[in-house]
Amino acid sequence: MRLRIGFLAPTAILMAITMLAPLAIIVVYSLLTRGAYGGVELPWTIENFTRLWDPVYGIIFVRSFWIAAVATALCLVLGFPLAMFIARSGSRKNLYLSLVILPFWTSFLIRTYAWMFLLRDTGIINSALQALRIIREPLPLLYNDGAVILGLVYGFLPFMVLPLYATLERLDPALLEAAADLGARPWDTLVRVTLPLCAPGIRAGAILVFVPCLGTYLTSDLLGGSKTVLIGNLVQNQFTASRDWPFGAALSLALMAIAMVLLFAVRRRGEELL
Amino acid sequence: MKRGLAVYAVFAYAFLHVPLLILAIFSFNSSKFAVWESFSLQWYRAVAADANLIESSVNSLIIAVVATVVATIIGTLAAYGLWKRGSQWLSGSLYLSLVTPEIVTGASLLALFQWIFRFAHLRLGMHTVILAHVGFSLAYVVVVVLARLRSYDPTLEEAALDLGATEFGAFWRVTLPYLGPAIAAAAMLAFTVSIDDYVITSLVAGVDSQTLPMVIYAMARRGVNPALNAVSTLVVFGLGMLIILSERLRKT
């Protein structure tokens, strides 16, 4: 048992330094006043939290929710048939599965940049369409909400496919046969048998996609340009250019609180990761 | 229905893989523009001649290797400890680190470091980046190793103890070899999340600890740059080789 304490200690210390202490600092900072030269000063105040209700920021929260929700829904719609294909592909399962996981191992940043290369005004899609004389002026494909959603779906699709695959894989084929024997058409079986049985996978996938999408910074900054300001960009801005640390801290806590509420809302017994 | 799924899968896989493929092809294009001209290695030469890219790549490798080794060792120990008996506190904080948005992790670490620097003559640099990377990759290591331990038969260890092994001896000579593949997978995961991180790193890095993702990001924000296609291709190729190599190692 003493061995166990010794084994846990290094990780406990590191988590205290890199996770709990920073969080404590953020809580304290969120209740302080912005200093004249950046930094933080007394007196204590709750003004940073009341500012969150300002409609200027409200719009940013709503937009972030909207973009994350659309990206999650698209991942589900696009990921479900793919997961089903993999689950039913017999001996080639592992190959098809690793083709989904592979992009996950390659750089997220570079995969985002690849879309900049494809979508920009002089990018390959616009160049090809112009060469084919389908369009004369380049289409504004980059630097808008659509590009951000595309980037998020591209980046997080594997996170949706993996849990969906895991539940589909365990699905008892006898249940599907039973539904067919009782006269259900394939579509009815899908909607009334397969989907409800996949609920845990859908929940897990939705959380794995929605939470990081809500806090996204990189994708919205690179593909959304300066027009698309989401919560993540707002937080980053407070800690860098605006140098308003107390408000940045309050925003961070709000973002974390939302993520926590969502996680607890969808969590079920026996689905813990750790 | 089966046929429809297969056709759909072709498109889905194309969506996942073609963008990077196009990027790789155009990294060999002699033209600056997205129209194919002729085969050329000029952008690779430009990368090799860019001192900034080389220096940041070296930084990234040092950070990723150190963070991976540290996180893998102490994360494996923690997973074993948690498997023996759970700890609400530790599991809770590891879970919290997995679900905290990167931007919040980075900003709060920056706030902590700046607060410490008020009392100590220290600055942001490689050490702060490495500390941050160990912190955020630990949870991944614990999750992967713990998953493997869930399918481990504790009686194997009890047998070793009955045969006279010490508690540590049983862990070292019986449990650890069983965990080998999971530890390798955990190290791979820690390495890839470390070498790819931009958001957290950019907040806690100093002037002398620019990493490759930071340089790539700055280049991408400035827009058109064929040298970036070449860098990207090299990174994706390098990571791909690493994955294949680790798969080979795991099978032997």
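Here is a short walk through this predicted model, from its confidence to the chain contact and then to one pair of helices.

Let's begin with how far the coordinates of chain A can be trusted. The average pLDDT of chain A is 85, and 97% of its residues score at least 70. Within chain A, confidence is highest in helix H3 (residues 55-87), with a mean of 92. At the other end, strand S2 (residues 38-41) of chain A has the lowest mean, 73. As a reading habit, predicted coordinates should not be read in detail where pLDDT is low.

Now turn to the place where the two chains meet. Chain A brings 65 residues to the contact, and chain B brings 72 residues. On the side of chain A that touches chain B, helix H1 (residues 2-30) of chain A supplies the largest share, with 18 residues. What classes of residue make up this side of chain A? They divide into 51 nonpolar, twelve polar and two charged.

Finally, look inside chain B, at helix H7 (residues 154-162) and helix H8 (residues 167-196). The axes of these two helices of chain B come within 10 Å and cross at roughly 135°. Angles over 145 degrees would count as roughly antiparallel, so H7(B) and H8(B) are instead oblique to each other. The crossing of H7(B) past H8(B) is right-handed. From H7(B), the contact uses Leu156(B), Glu157(B), Ala160(B) and Leu161(B), while H8(B) contributes Ala170(B), Val174(B) and Thr175(B). Sorted by class, this contact has five nonpolar residues, one polar and one charged.

How values were computed
Residues are numbered from 1 along each chain as its sequence is written. Chains are lettered from A and ligands numbered from 1 in the order in which they are written. This is a predicted model: local features need pLDDT of at least 70, side-chain atom pairs count only at pLDDT 80 or more; totals for chains, interfaces and linings use all residues. Two residues are in contact if their C-beta atoms, placed from the backbone, lie within 7 Å. Helices (H or I, at least four residues) and strands (E, at least two) are DSSP runs, numbered from the N terminus. Ala, Val, Leu, Ile, Met, Phe, Trp, Tyr, Cys and Pro count as nonpolar, Asp, Glu, Lys and Arg as charged, and the others, Gly among them, as polar. pLDDT is the predictor's confidence in each residue, from 0 to 100. Axes are lines fitted to C-alpha atoms, for helices over the stretch in contact, and angles run from 0 to 180 degrees between N-to-C directions. Angles under 35 degrees count as roughly parallel, over 145 as roughly antiparallel, 65 to 115 as roughly perpendicular and the rest as oblique. A crossing is left-handed if the near helix is turned anticlockwise from the far one by less than a right angle, and right-handed if clockwise.
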